[in-house]
Amino acid sequence: MIHVEVINNVLLQSRTYLMWKEEESDAYLVDCGDMAPIQHFLSTRGKFLRGIFLTHCHYDHIYGLRHLTDDFPQVTIYASPETEEGLRDARINLSRYQGEPFELDDKVKVSPIGSHSEISLFGVELQVLETPGHDAGCLSFRIGDSLFTGDSYIPGLPVFYKWKRSDKRLALENEQRLKDLAEDGMLGIYPGHYL
């Protein structure tokens, strides 16, 4: 059974998720906020951070990368090509408006992924869903009965589509697509923010 550890971050009530299995040493992140709880979890559980999957490039979902790549240089970052572009530009990832401009070092490798990607975690297929709208590079992830939606679908909140790289039509279409997928598959929803 794949477990999901929920971390409520300080910045803008964003969330980070740790995926792990009891009998495996590897762990994976979805988005990256506060590093202290991530490091605490990994050290107390004896887990090795193997990879991080990014839902999009906005700063409240990536700010932990500032230290993650120093502490875990071997980690693989998985993101859409549009998200990778945003990781390397403080205007696109909105960090310049947070007072701490962040741009990922060019030496850090990002593995591009999309709906064509075939990824297996813990012997289970991770399905990559392209869900642009909130941002051009938004991805959602389904593994088993879990659906990680980032900011493309947050139950109880309308999808936000007023950023420079947003698209209202796509945002609303993909929000509905994720709602339908979650309902039809009776999936647990893991959104990018908590209320």
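These legends go with close-up views of a predicted model.

**View 1. Helix 1 and its buried side.** Helix 1 spans residues 35–45, and its buried residues are Met35, Ile38, Phe41 and Leu42. Going around the axis, these four cover an arc of only 135°, so they sit on the same side of helix 1. Flip to the face turned away from that buried side and you meet exposed residues: Ala36, His40, Ser43 and Thr44. Just past the end of helix 1 comes Gly46, with a positive phi of about 65°.

**View 2. What helix 1 packs against.** The buried residues of helix 1 have quite a list of partners, and four strands are on it: strand 1 (3–8), strand 2 (15–20), strand 3 (26–30) and strand 4 (48–53). Helix 2 (65–71) is a packing partner as well.

**View 3. Strand 9 and its neighbours.** Strand 9 covers residues 139–143, and four of its five residues are buried, so the rest of the structure largely encloses it. For "buried", read under 20% relative accessible area. Strand 8 (residues 124–130) runs antiparallel to strand 9, and five bridges join the two. To find your way along this pairing, look for Glu130, which stands opposite Leu139 of strand 9. Strand 9 also pairs with strand 10 (residues 146–150), again in the antiparallel sense, this time over three bridges.

**View 4. The hairpin turn between strands 9 and 10.** Strand 9 and strand 10 make a hairpin with two residues between them. Ile143 has Ser146, in strand 10, as its bridge partner. In the turn itself, check out Gly144: its phi is positive, at about 60°.

**View 5. The largest pocket.** This pocket holds about 400 Å³ of space. It has 19 lining residues, and those closest to its centre are Asp60, His134, Asp151, Trp163 and His193. Sort the lining by class and you get twelve nonpolar residues, five polar and two charged.

**View 6. The second largest pocket.** Here the space comes to about 200 Å³. Reading along the chain, the lining is made up of His58, Arg91, Ile92, Leu94, Tyr97, Asp135, Trp163, Lys164 and Arg165. By class, that gives four nonpolar residues, one polar and four charged. Trp163 is worth picking out: it is in the lining of this pocket, and it is also among the residues closest to the centre of the largest pocket.

Conventions
Residues are numbered from 1 along each chain as its sequence is written. This is a predicted model: local features need pLDDT of at least 70, side-chain atom pairs count only at pLDDT 80 or more; totals for chains, interfaces and linings use all residues. Side-chain values use heavy atoms; hydrogens and water are left out. Buried means under 20% relative accessible area, exposed over 50%, partly exposed in between (1.4 Å probe, protein chains only). Two strands pair if DSSP finds at least two bridges between them. On a 1 Å grid over the protein atoms alone, a cavity is a set of points where a 1.4 Å probe fits but cannot get out, and a pocket is an open set with protein on both sides within 12 Å along at least five of seven lines; lining residues have an atom within 4 Å of a point. Grid points are joined across faces, edges and corners, and a volume is the space filled by probe spheres set on the points. Ala, Val, Leu, Ile, Met, Phe, Trp, Tyr, Cys and Pro count as nonpolar, Asp, Glu, Lys and Arg as charged, and the others, Gly among them, as polar. The arc is that of the directions from the helix axis to the C-beta atoms. Contact means heavy atoms within 4.5 Å.
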